[in-house]
Amino acid sequence: MVINYFTGSFSITSTGSYRYAHGSYSLYFAFPVLFFLTGVLSGRKFHPIFYVVCFCQFIGLILVQHRSAWLAFGLAAFLIVMLINRKLVLNKKLIAGLLSVLMITSFIYVLGGASGHSSTLDRARTIVQYKGDPNAESRLSGWKKLIIERIQKYPLWGIGFGRELLPYEGYRNPHNSHLVLLARTGLIGFTFYLLFNYFFVKQLFILLKNRKTHPIFRNYAVGILSLYAFIMVFSSFNVVLELPYMGIFYWMILGLGIALVNVNRKFMRNRNSEAFSS
């Protein structure tokens, strides 16, 4: 990926945009970095090798050039700060890490030349200035067509699975997993999907609000919620839940969250029984 950056060897996506690696790399890079950030902000100490590894993964997340991944990572990191460290009391190692990221990315930017940094800055700029960007406009057009020609025509039960969504111009998926699920399952199926996610998030927040929850479990819950936020935002702009090698991250997060809630309940019961017996 770094070689692609310096040589200008792009990876052409289904929507005609250019990136230095496949979009799934964003998940591989972002997940460990978010969990690591949760540990650092909660005051945990790590071996220096973990700082180096996560630093390299964060650089990789930038070089993927996936704008929705940048947006999802920013929101997930903000969620971590709000749940753990609202006053943003940064320790020295984290400050040094942030400065190192800034310095290294600036260094890569300078060495990248016209083949590298110009495209990176252009993609970053279109996060807020998306008008005129063919990739963003194709997504908006796809969402509009899906709503008008599928969701409005089949509102309750949807079009089902095994059928084409729409014969789009150049690609067949509107790059929004939530809209696709609504189109295929209708309002009835999508309601169950929303309720399932609501109760999942609710259980984790109940765990967080309980003052008797062990600090380690609380930190795990924050990390899982940050991963959940990332995947939900990321899947709002990409084909994620439909693809096994990307959708597995969503199911993995749900499994980790449910397991954490169950382990915490068992831990609380054992602690209460010990206190009662003593």
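## Aromatic pairs, cysteines and core

Q: Is Arg163 buried, partly exposed or exposed?
A: This model is predicted. The relative accessible area of Arg163 is 42%. Buried would need under 20% and exposed over 50%, so Arg163 is partly exposed.

Q: Where along the chain does Arg163 lie?
A: Two helices flank Arg163: H7, covering 134–151, and H8, covering 177–209. Arg163 belongs to neither helix, as its place is the loop between H7 and H8.

Q: Which residues does Arg163 contact, leaving aside its neighbours within four places in sequence?
A: Contact needs heavy atoms within 4.5 Å. One partner of Arg163 is 21 residues away along the chain, with the two C-alpha atoms separated by 8.8 Å. The contacts of Arg163 are Tyr154 and Arg184.

Q: What kind of aromatic pair do Tyr28 and Phe249 form?
A: The structure holds 15 aromatic pairs. For Tyr28 and Phe249, the distance is 5.6 Å centre to centre, with 40° between the planes. Stacked planes are under 30 degrees apart and edge-to-face planes over 60, so this pair is tilted.

Q: How many residues apart in sequence are the parts that Tyr28 and Phe249 tie together?
A: Tyr28 lies in helix H2, residues 25–41. Phe249 lies in helix H10, residues 244–277. The pair therefore ties together parts whose separation in sequence is 221 residues.

Q: Is Phe249 buried or exposed?
A: The limit for buried is under 20% relative accessible area. Tyr28 has 37% and is partly exposed. Phe249 has 12%, so it is buried.

Q: What type of pair do the rings of Phe31 and Phe249 make?
A: Their centres are 5.1 Å apart and their planes stand at 75°. An angle over 60 degrees decides the type, so the pair is edge-to-face.

Q: Which helices hold Phe31 and Phe249?
A: Phe31 and Phe249 are both buried. The pair links distant parts of the chain, 218 residues apart. The helix of Phe31 is H2, and that of Phe249 is H10.

Q: How many disulfides does the structure have?
A: A disulfide needs two cysteine sulfur atoms within 2.5 Å. The sulfur of Cys56 has its closest cysteine sulfur in Cys54, at 9.3 Å, which is too far for a bond. The count of disulfides is zero.

Q: Is Cys54 buried or exposed?
A: Cys56 has 47% relative accessibility and counts as partly exposed. Cys54 has 9%, under the 20% limit, so Cys54 counts as buried.

Q: Which residues have the most contacts inside the largest nonpolar core?
A: The largest nonpolar core has 57 residues. Elements that give two or more residues to this core include H2, helix H3 (48–63), helix H4 (67–84) and helix H9 (215–234). One of its best-connected members also touches Ser26, Leu27, Ala30 and Phe31, among others. The residues with the most contacts inside the core are Phe230 and Ile231.

Q: Which residues form one aromatic cluster?
A: Phe31 and Phe249, whose rings pair edge-to-face, both belong to the cluster. Phe230, which touches Phe31, also belongs to the cluster. The full membership is Tyr25, Tyr28, Phe29, Phe31, Phe230, Phe234 and Phe249.

Q: What distance separates the C-alpha atoms of Leu243 and Ser177?
A: Leu243 is found in the loop between H9 and H10. At 26% relative accessibility, Leu243 is partly exposed. Leu243 and Ser177 are 66 residues apart along the chain, and their C-alpha atoms are separated by 9.7 Å.

Note on methods. Residues numbered from 1 in each chain as written. Predicted model: local features only at pLDDT ≥ 70, side-chain atom pairs only at ≥ 80, totals over all residues. Heavy atoms only, no water. Helix = DSSP H or I, 4+ residues; strand = E, 2+ residues; numbered from the N terminus. Buried < 20%, exposed > 50% of the residue type's maximum accessible area, 1.4 Å probe, protein only. Phe/Tyr/Trp six-rings, centres within 6.5 Å; stacked < 30°, edge-to-face > 60°. Core = buried A, V, L, I, M, F, W, Y, C linked by side-chain atoms within 4.5 Å.
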